[in-house]
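This report describes one protein chain, from single residues to the overall fold. Please keep the sequence and the structure in view while reading.

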Amino acid sequence: DRGGKDAEENEDRALAVVERDLVEAVEPFGTIEKVTVFSKSEEQVIIIKFKEVEAADECVRSMDGRKNWRNLGLTISAHFWDGVTDYTNVTDEQKQEEEEKRHEDFGNWIDQQEVPEEFRPRDE
């Protein structure tokens with residue numbers, strides 16, 4: 001399907017422009033060691049690793065919450081990466097399984113809670 005392929009190519013080009021513009025915007029904060037783009041991520045994640053932690057800190061403080069960035073309608077969410085979160089694209093099936101597990105875990109937690117006296121059923 002060529003239409004789907006064209007749309008994907010357009011998204012990739014748009015993300016490359018955002019990446020380039022973002023790198024230009026944050027270069028003044030310090031030396032950039034690495035840029036990682038998660039092109040298949042729904043969140044459009046770009047990780048920028050700075051050589052100095054102070055540069056990363058300044059970048060987060062300056063960039064976080066910027067709205068309509070570069071008139072593209074984008075809001076920047078900047079934060080320190082936890083080193084664990086995987087931003088690669090997850091399939092709908094995996095998302096469904098994770099959500100079901102969270103619901104089950106929450107239900108189990110609720111079942112283990114002690115009901116306060118005032119909320120217990122009374123036999124009168």
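Leaving aside its neighbours within four places in sequence, with which residues is Trp69 in contact? The residues are Val18, Asp21, Leu22, Ala25, Met63, Leu74 and Ile76, where contact means heavy atoms within 4.5 Å.

The model is predicted, and local features need pLDDT of at least 70, side-chain atom pairs count only at pLDDT 80 or more, and totals for chains, interfaces and linings use all residues. Residues are numbered from 1 along each chain as its sequence is written, and side-chain values use heavy atoms, with hydrogens and water left out.

**The chain as a whole**

Three helices and two strands are present in the chain; helices (H or I, at least four residues) and strands (E, at least two) are DSSP runs, numbered from the N terminus. Read from the N terminus, the order of the elements is α-β-β-α-α. The chain is more spread out than a compact globule, because its radius of gyration is 22 Å, well over the 14 Å that the globule rule gives for 124 residues. That radius is taken over C-alpha atoms, and the globule rule is 2.2 Å times the number of residues to the power 0.38. The C-alpha trace spans about 70 × 45 × 25 Å along its principal axes.

Of the 124 residues in the chain, 19% are buried. Buried means under 20% relative accessible area, exposed over 50%, and partly exposed in between (1.4 Å probe, protein chains only). Among contacts between residues at least 6 apart in sequence, 41% join residues at least 24 apart.

**The nonpolar core**

In soluble globular proteins, nonpolar side chains tend to be buried together. A nonpolar core is a set of buried Ala, Val, Leu, Ile, Met, Phe, Trp, Tyr and Cys residues joined through side-chain atoms within 4.5 Å. The largest such core here has 15 residues, of which Leu22, Val26, Phe50, Met63 and Trp69 touch the most other members. Two or more residues of this core come from each of α1 (2-26), β2 (45-50) and α2 (53-63). The largest share, five residues, belongs to α1.

**The largest pocket**

The largest pocket has a volume of about 1300 Å³. Its lining consists of 44 residues, and those nearest its centre are Leu22, Gln44, Val45, Ile46 and Ile47. At least two lining residues are supplied by each of α1, β1 (32-38), β2 and α2, and α1 gives the most, with nine residues.

On a 1 Å grid over the protein atoms alone, a pocket is an open set of points where a 1.4 Å probe fits, with protein on both sides within 12 Å along at least five of seven lines; lining residues have an atom within 4 Å of a point.

**Three charged residues**

The table sets out three residues with their elements and relative accessible areas.

| Residue | Element | Relative accessible area | State |
|---|---|---|---|
| Asp21 | helix α1 | 11% | buried |
| Lys34 | strand β1 | 49% | partly exposed |
| Glu54 | helix α2 | 57% | exposed |

Not counting residues up to four places away in sequence, Asp21 touches Trp69 and Arg70. With that exclusion of residues up to four places away, Lys34 touches Ile47, Ile48 and Lys49. Lys34 and Lys51 are 17 residues apart in sequence, and their C-alpha atoms are 8.8 Å apart in space. Glu54 and Thr36 are 18 residues apart along the chain, with 20 Å between their C-alpha atoms.

Methods
Points joined across faces, edges and corners; volume = space filled by probe spheres on them.
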